[in-house]
Amino acid sequence: MLRTFLLSLRKLSHEPLGMFGFAILAVMVIVAILAPWIAPYNPYTQDLSNVLLPPSAAHWAGTDEFGRDILSRLIYGTRITVVTVLSISVIVGPVGLIIGVVAGYAGGRVDAFLMRATDIVLSFPSLILALAFAAALGAGLGTAVVAISLTAWPPIARLARAEALVVRNTDYVAAARLYGASPMRLIVLYIAPMCIPSVIVRLTLNMAGIILTAAALGFLGLGAQPPAPEWGAMISNGRKFMLDNWWVAVMPGIAILFTSLAFNLVGDTLRDILDPRHVRS
């Protein structure tokens, strides 16, 4: 285990873009944890004497229409983004893995039923389906997490099924079956662990789209509710001032851009490290 970890670190050291992505995510987690001590101002306190100030030494990212410091709101908004990402990962990863592995191992009618259900969800654009679920369940951060999770598991399930179809025919699985291992034991101990690396990579690569979907829900008022400093909602509030006060909408947009870029870089690097069949050209 230690040798594998050290080998992964060595591979990571040869991926500067991947290290950059990991660094951004590490900074995000640290900022989310230390937000009360890092933020220069209270993100909820209004100061109508300092409305729509441009970026300066006092307010590095400017102020919004209520005089609130945008940098402080971005820092606290990192907490919402981290919670959203972790919550969706905890839901989507296991659900997609279980459905995909069961379908791939069982085959037959079970596979057909689970994959047809997956195809039905995939037939709808994820953002439209998330909007429908969020509108039906009501606005809020928890609702946004559930709505996105309900639309984000099918790609994970299809990948896990493809991996399970390969793994179930390997020699060590056949040997375990001959020794009397039950289907549940085969799935949990022999097949699912081999699918986890690919699922982690795919989940990481999907996070950029998930963050954009969460921002879109916030932009439309179906995510975290005011005065919560959710980045999508901040862009929505700042769009009215784009022509004269660009920083109100651009600053949270930059935060979303770098976060999405970081997840893409990390996902691509994890694919190189965890999948020995993938060779960078």
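This passage describes the fold, the aromatic pairs, the main pocket and two residue environments of a predicted model.

The structure is a prediction, in which local features require a pLDDT of at least 70 and side-chain atom pairs count only at pLDDT 80 or more, whereas totals for chains, interfaces and linings use all residues. Residues are numbered from 1 along each chain as its sequence is written, and side-chain values use heavy atoms, with hydrogens and water left out. The pLDDT, the predictor's confidence in each residue on a scale from 0 to 100, averages 87 over the chain, and 93% of the residues score at least 70. Confidence is lowest in helix α1 (residues 2-13), with a mean of 59, and highest in helix α3 (residues 35-38), at 94.

The chain contains 11 helices and zero strands; these are DSSP runs numbered from the N terminus, with helices (H or I) of at least four residues and strands (E) of at least two. Its C-alpha atoms fill a box of roughly 75 × 45 × 35 Å along the principal axes. Of the 281 residues, 46% are buried, where buried denotes under 20% relative accessible area, exposed over 50% and partly exposed the range in between (1.4 Å probe, protein chains only). Among contacts (heavy atoms within 4.5 Å) between residues at least 6 apart in sequence, 71% join residues at least 24 apart.

Rings of Phe, Tyr and Trp (its six-membered ring) were paired if their centres lie within 6.5 Å, with planes under 30 degrees apart classed as stacked, over 60 as edge-to-face and the rest as tilted. Two aromatic pairs result from this rule. The pair formed by Tyr172 and Tyr190 is tilted, because the ring centres are 6.2 Å apart and the planes stand at 40°. Since Tyr172 belongs to helix α8 (residues 171-178) and Tyr190 to helix α9 (residues 183-219), this pair ties together parts that are 18 residues apart in sequence. Tyr172 is partly exposed at 36% relative accessibility, and Tyr190 is likewise partly exposed at 25%. The pair of Trp246 and Trp247 is edge-to-face, because the centres lie 5.8 Å apart and the planes stand at 85°. Trp246 is partly exposed at 42% relative accessibility, whereas Trp247 is buried at 5%.

Pockets were sought on a 1 Å grid over the protein atoms alone, a pocket being an open set of points where a 1.4 Å probe fits, with protein on both sides within 12 Å along at least five of seven lines; lining residues have an atom within 4 Å of a point. The largest pocket has a volume of about 440 Å³, the volume being the space filled by probe spheres set on the points. Its lining comprises 16 residues, of which Leu71, Leu74, Thr78, Trp231 and Ala255 lie nearest the centre. Helices α2 (16-33), α4 (70-106) and α11 (247-274) each supply at least two lining residues, and α11 provides the largest share, five residues. The lining has 14 nonpolar, two polar and no charged residues; Ala, Val, Leu, Ile, Met, Phe, Trp, Tyr, Cys and Pro count as nonpolar, Asp, Glu, Lys and Arg as charged, and the others, Gly among them, as polar.

Two residues of helix α7 were also examined. Ser149 lies in helix α7 (residues 141-167) and is buried, with a relative accessible area of 5%. Not counting residues up to four places away in sequence, Ser149 touches Ile88, Ile91 and Val92. Thr143 is buried at 15% relative accessibility.
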